[in-house]
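Me: I have a model open and would like to learn how to read its packing. Can we take it one feature at a time?

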Amino acid sequence: MVYLLKFGASWILPPGIFVVLMVILTFKIFKYSVKLSLFTGLLTLFFYLMSTQLISEQLLGRLEKIYTPPENVATIGTDSIIMLGGGAFDGVPDVDGEGALCSSPASRLLATFRLYKMLDVPILLSGGRVYEDSGREAVIAARILRTLGVPPDKILTETKSVNTTQNAEFSAEILKENNLSRPLLVTSAFHMNRSVLNFKNQGVEVIPFPTDFLVTHNPQFHYTKLRPNAEALYYNAVFLQEILRTFVTKIFNI
C-alpha cells in the first residue's frame, strides 16, 4: 500500500502533473493537427522517461562506473589528496561557525577525511566562491577538517576556482609548489571522468577515488521506478550536463 500511494501521489505533484497535462494537450491537439499531436506525444514520452528512476539509474550509473576506487589505498603510494568543491552556502549556521557545504561536497569531504586518517598525507581543497551569495568552498571545508582534528599544516587550499577546469589548473600550480606529484583525486562519481580529463590537460596524472554515488550499481526493477519524480529528472539532467561538458573539454580543452 505504501508503494502504491507513492506511485499515485507522483502524478499529482511535479513533474508528474506536467506529464498528465501534456498527455491531455496531446489528445486535444490531435483533432486539429496529427503531426503536431505526434510531436507533442513524443516530447511528452521523452519528458516522462527522463523523469523516472528507471532511466536515471541506467544513465547516471553508467557514468559513475567509469572509475572505481583503488582496492588497497594504503599501497598505491600517493603523496596527497585533492578534494574538489561542489557548492557551499554562505551565511548559514554550522556546528563550529558560519557557512556550510552542499550535500555532494560534504560527502566528498567525509571520504577525504577517512582517506587522510589512513594515509596521513596533505589535503588540497579546491574551490572558490562561485557566486556572490555562495560560500567559499575550500575555506569552509578547511574549517571543518580542522574541527575534526586535521592539523592546519596538512591542509592546502585553492580558493580561486569557479569550475572544474580552474580546479585542475590552480591545483596543478599548488601541487608543483609543494613538490607533490601523485595525488589521489576525490570527487563525486558522476563528476570523476571530466575531472580526470581536466587534470590530464594540466599534465597531472591523478589516482581517481570516486565517492558520493547517487544511484545504485545493482538496480532491481520495481514498478515505483516508473513514477515521475523530480530527483530522477535532476539526475538525468546531471548526466546530460556531464556529457556536454566533457565533450566541450575534449574539443576546446576548457
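**Helices, sheet and cores**

Reply: We can start with a helix pair, keeping in mind that this is a predicted model. The axes of helix α4 (residues 53-64) and helix α9 (residues 230-252) come within 9 Å and cross at roughly 35°.

Me: Why quote those two values?

Reply: Because two packed helices are described by the angle between their axes and the distance between the axes. Here the crossing of α4 and α9 is left-handed.

Me: Which residues in α4 and α9 meet?

Reply: From α4 the residues are Gln53, Ile55, Ser56, Leu59, Leu60 and Leu63, and they meet Ala232, Tyr235, Asn236, Val238, Phe239, Glu242 and Ile243 in α9. Sorted by class, this contact of α4 with α9 has 9 nonpolar, 3 polar and 1 charged residues.

Me: Now the sheet. What is the order of the strands?

Reply: In general, strands of a sheet pair through backbone hydrogen bonds, either parallel or antiparallel. In this model an open sheet of 5 strands is ordered β5-β4-β1-β6-β7, with parallel pairing. β5 (155-158) and β7 are the edge strands, each pairing on one side only. From one strand to the next the twist averages 20°.

Me: How many bridges join β1 to β6?

Reply: There are 4 bridges between β1 and β6, which run parallel. Ile82 stands opposite Leu185 in β6.

Me: Which strands do the helices α7 and α8 touch or lie across?

Reply: Helix α7 (residues 164-177) packs on the sheet and touches β1, β4, β5 and β6, its direction making about 140° with that of β5. Helix α8 (residues 189-201) lies across β1, β6 and β7, and runs at about 140° to β6.

Me: Which residues of the largest nonpolar core touch the most other members?

Reply: Of its 27 residues, they are Ile81, Leu109, Leu125, Leu145 and Leu184. At least two residues of this core come from each of β1 (80-84), α5 (103-119), β4 (123-126), α6 (137-147), β6 (183-188) and β7 (207-211). Leaving aside neighbours within four places in sequence, Leu145 is in contact with Leu109, Phe113, Ile123, Leu125, Val150 and Ile155. A second, separate core of 15 residues includes Ile82, Leu84, Ala168 and Met192.

Me: Is Pro208 buried or exposed?

Reply: Pro208 counts as buried because its relative accessibility is 14%, and the cut-off for buried is under 20%. Its place is in strand β7. Not counting residues up to four places away in sequence, Pro208 touches Tyr67, Thr68, Pro69, Pro70, Leu185, Met192 and Val196.

Technical notes: Residues numbered from 1 in each chain as written. Predicted model: local features only at pLDDT ≥ 70, side-chain atom pairs only at ≥ 80, totals over all residues. Heavy atoms only, no water. Axes fitted to C-alpha atoms, helices over the stretch in contact; angles between N-to-C directions. Left-handed = near helix turned anticlockwise from the far one by under 90°. Contact = heavy atoms within 4.5 Å. Nonpolar A, V, L, I, M, F, W, Y, C, P; charged D, E, K, R; others polar. Core = buried A, V, L, I, M, F, W, Y, C linked by side-chain atoms within 4.5 Å. Buried < 20%, exposed > 50% of the residue type's maximum accessible area, 1.4 Å probe, protein only. Pairing = 2+ DSSP bridges.
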